[in-house]
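Reader: Could we go through this structure together? I would like the cut-offs stated as we proceed.

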Amino acid sequence: MTIKINLKIFLFAIIFYITKQIHIYAMIMLFAFFHEMGHLLCGIIMGLKPKALKIMPMGLSIEFEVTPEEYNQKIAKANKLQMKKLWIALAGPFTNVIITVIAFVFRNHINQTIYPELIYSNILIAVFNLLPIYPLDGARILKACIYIFKGRKKAGEITNYISNISVILLTMLSSIAIYYYENIAILFVITYLWVMVVIENRKYKLQKRIDKIIENS
């Protein structure tokens, strides 16, 4: 398994350092690692082989090798791979929820200085990743569910639409948060999300063009 580091992570570290939130960023990245280990463990249990681990500015991302057999085993209007993707996407946020519950149960045995940040970090990671904005887990879960019952094209169309609407609404809410809390770090997080959404929009449009060419051939 190869490990890839996105150099933007250092820019985010500098930004959070300047805004005096580097300890929060460090905590988020730590539990983002456990989040991704949840994805990794689930994928391995389902028989997938890890291909690459990417260290991104807002967490980590794991890629798995896929064999042709995964596509050939049909489930409803999708295949076995989509069902595996659904469970793998759910495993990340679920891991953070489990950590939060364990921390709450054993709160009297945890240093009270780090306890609030521990709870905050894991809830933030779980909720953030469940947003239906591609490529976050929430959009992956949504896409896999629609794919299974409605097929690939409908899944791509609906997920792309909801992802764009969601990032617009999140931007509006974040604008209020930036004004209220005077926290410029939120601006960089939203900007990063917009970059990811724009990239996914281009991939979606390219896929639509490919599908159209295939249909007309």
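Author: The following exchange covers the basis of the model, its sheet, its salt bridges, two asparagines and a surface patch.

Reader: What kind of model is this, and how are residues numbered?

Author: This is a predicted model, in which local features need pLDDT of at least 70 and side-chain atom pairs count only at pLDDT 80 or more, while totals for chains, interfaces and linings use all residues. Residues are numbered from 1 along each chain as its sequence is written, and side-chain values use heavy atoms, with hydrogens and water left out.

Reader: In what order do the strands of the sheet come?

Author: The sheet is open, has three strands in the order S1-S2-S3, and shows mixed pairing. Strands S1 (2–5) and S3 (59–65) are at the edges with a single partner strand each, so one side of each lacks a neighbour in the sheet. Neighbouring strands are turned by 20 degrees against each other on average, direction ignored; axes are lines fitted to C-alpha atoms, for helices over the stretch in contact, and angles run from 0 to 180 degrees between N-to-C directions. Strands (E, at least two residues) and helices (H or I, at least four) are DSSP runs numbered from the N terminus, and two strands pair if DSSP finds at least two bridges between them.

Reader: How many bridges join S2 to S3?

Author: Strand S2 (residues 49–56) runs antiparallel to S3, and seven bridges join them. One bridge pairs Met56 with Gly59 in S3.

Reader: Turning to charges, how many salt bridges are there?

Author: There are four salt bridges, each defined as a side-chain nitrogen of Lys or Arg within 4 Å of a carboxyl oxygen of Asp or Glu. One of them joins Glu63 and Lys54 at 2.8 Å, N to O. Glu63 is partly exposed at 26% relative accessibility, and Lys54 is partly exposed at 26%. Here buried means under 20% relative accessible area, exposed over 50%, and partly exposed in between (1.4 Å probe, protein chains only).

Reader: Which residue does Lys153 meet in a salt bridge?

Author: Lys153 meets Glu215, at 2.2 Å from N to O. This pair links distant parts of the chain, 62 residues apart, with Lys153 in helix H7 (residues 152–181) and Glu215 in helix H8. Lys153 is partly exposed at 43%, whereas Glu215 is exposed at 53%.

Reader: And where do Glu200 and Lys203 lie?

Author: Both lie in helix H8, three residues apart, about one turn of the helix. Their closest N and O atoms are 3.6 Å apart, forming a salt bridge. Glu200 is buried, with a relative accessible area of 16%.

Reader: Is Asn201 buried or exposed?

Author: Asn201 is buried, at 16% relative accessibility. Asn201 belongs to helix H8 (residues 185–216) and touches Asn160 and Asn164, leaving aside residues up to four places away in sequence. Contact means heavy atoms within 4.5 Å.

Reader: What does Asn122 touch?

Author: With residues up to four places away in sequence not counted, Asn122 touches Phe31, Asn96, Ile99 and Thr100. Asn122 lies in helix H5 (residues 115–129) and is buried at 0% relative accessibility.

Reader: Finally, which residues make the nonpolar surface patch?

Author: Phe94, Val97, Ile98, Val101, Ile102, Phe104, Val105 and Phe106 make a nonpolar patch of about 740 Å². Val105 is in helix H4 (residues 80–105). Patches take residues with over 30% relative accessible area and no salt bridge, joining like charges within 9 Å and nonpolar side chains (Val, Leu, Ile, Met, Phe, Trp, Tyr) within 5 Å. Accessible areas come from the Shrake-Rupley method with a 1.4 Å probe, and for residues only the protein chains shown count as cover.
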